[in-house]
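Please open the model in your viewer and keep the sequence panel beside it, since each stop on this tour begins with something to select.

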Amino acid sequence: MNENNMEPGEPSKAMMRCRIGYSCVGIILGISVFICFLATPAFYNLHISLWGFASAFFAFLTMIVHIQHIKGDRDVWVYRLKLFILIGFFTALGCIIAFVVYLVLAIVQKQVLLPVNGDEDTEKGYYLASIWVFMTWKWSFALFLTSRSYRRNYTTRPESNGFLNFILYGNLLFCYPGAITSQPLEEEMA
């Protein structure tokens, strides 16, 4: 551990606060877009509002991953991170497809940017919906990356991976199940 009582390669406390704050901003903006485009008759657009809500949801999941990493409940949390990795990955793939579909629909229908709630095909607001699909992609990809990073960090610690411990620290402590000393392997085998 370094002087800040943190593992090597882990983000600082200030960086973790910034990540949580950034996630909170994503939650607030996503919920604001959801409310604005759902509750305001002048801006009513179901596509934009639902993608704003999805963006807020994935920002919330990303914030939860950061908070659980700070709490340090690694024994239980490392297995749950695999679910977040899968959710983030497949949602990011789906968002790429949705982004392309919204752009193609907007271009083919020759839509304008405003108004976003018209009755005609040229006023459906697919450009703004594609922006919020991109925001959802960003948060789902952030969920994927942070979950994968934290899980990799948990599973490659010296106490959980003996070979890496041997490579990094030069001893065989925890290199195989049941190891309780750091004596060389030849002495233990004799």
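Begin by selecting helix α3, residues 74–108, together with α4, and you will find the two packed at an angle of about 155°, with their axes 7 Å apart. Because the angle is over 145 degrees, α3 and α4 count as roughly antiparallel to each other. If you turn the view so that one helix lies in front of the other, the crossing of α3 past α4 is a left-handed one. Colouring the residues of this contact by class gives 28 nonpolar, 7 polar and 4 charged. Please bear in mind throughout that this is a predicted model.

**The whole chain**

Now step back and show the complete protein chain, whose secondary structure amounts to 6 helices and 0 strands. Followed along the sequence, the pattern reads α-α-α-α-α-α. The chain has 190 residues, of which 35% count as buried. If you display contacts between residues at least 6 apart in sequence, 61% of them join residues that are at least 24 apart.

**Helices α1 and α2**

Next select helix α1, residues 13–39, and helix α2, residues 46–71, which pack at an angle of about 160° with their axes 7 Å apart. By the same kind of reasoning, α1 and α2 are therefore roughly antiparallel to each other. Here too the crossing can be followed in the viewer, and α1 passes α2 in a left-handed sense. Sorted by class, the residues of the contact between α1 and α2 are 19 nonpolar, 8 polar and 1 charged.

Stay with α1 for a moment and place a distance between the C-alpha atoms at its two ends, which are 38 Å apart; the 27 residues of this helix should span 39 Å at 1.5 Å a residue, so the two values agree. Which residues of α1 are buried? Select M16, I20, S23, G26, I27, G30, V33 and F37, for these are the buried residues of α1. If you then show what lies over them, the cover includes α2 and α4, the latter running over residues 126–155.

For a contrast within α1, select I28, which lies in this helix. I28 is exposed, because its relative accessible area of 56% is over the 50% cut-off. From I28 you can draw a line to G52, which is 24 residues away along the chain, and the C-alpha atoms of the two are separated by 10.0 Å.

**Helices α2 and α4**

Hide the rest and keep α2 and α4, which pack at an angle of about 15° with their axes 8 Å apart. That angle makes α2 roughly parallel to α4. The way in which α2 passes α4 is again described as a left-handed crossing. In the contact of α2 with α4 the residues divide into 18 nonpolar, 12 polar and no charged.

**Two buried residues of α2**

Select I48, which is found in helix α2, and switch on a surface to look for it. Is I48 buried or exposed? With a relative accessibility of 0%, I48 counts as buried. Once its neighbours within four places in sequence are set aside, I48 is in contact with V33, F37, V116, G125, L128, A129 and W132. Two of these partners, V33 and F37, have already appeared on this tour among the buried residues of α1. A further line can be drawn from I48 to S130, since these residues are 82 apart in sequence but 8.2 Å apart in space, C-alpha to C-alpha.

Then move to T62, whose place is also in helix α2. T62 is buried, and its relative accessible area is 1%. What does T62 touch, not counting residues up to four places away in sequence? The residues it touches are S23, W139, A142, L143 and T146. Of these, S23 belongs to the buried residues of α1, while W139 and the others that follow it can be selected within α4, residues 126–155.

**The loop between α3 and α4**

For the last stop, select K110, which is found in the loop between α3 and α4. At 66% relative accessibility, K110 counts as exposed. If your viewer reports backbone angles, look at phi of K110, which is near 50°, a positive value in a residue other than glycine.

How values were computed:
Residues are numbered from 1 along each chain as its sequence is written. This is a predicted model: local features need pLDDT of at least 70, side-chain atom pairs count only at pLDDT 80 or more; totals for chains, interfaces and linings use all residues. Side-chain values use heavy atoms; hydrogens and water are left out. Axes are lines fitted to C-alpha atoms, for helices over the stretch in contact, and angles run from 0 to 180 degrees between N-to-C directions. Helices (H or I, at least four residues) and strands (E, at least two) are DSSP runs, numbered from the N terminus. Angles under 35 degrees count as roughly parallel, over 145 as roughly antiparallel, 65 to 115 as roughly perpendicular and the rest as oblique. A crossing is left-handed if the near helix is turned anticlockwise from the far one by less than a right angle, and right-handed if clockwise. Ala, Val, Leu, Ile, Met, Phe, Trp, Tyr, Cys and Pro count as nonpolar, Asp, Glu, Lys and Arg as charged, and the others, Gly among them, as polar. The expected span of a helix is 1.5 Å times one less than its number of residues. Buried means under 20% relative accessible area, exposed over 50%, partly exposed in between (1.4 Å probe, protein chains only). Contact means heavy atoms within 4.5 Å.
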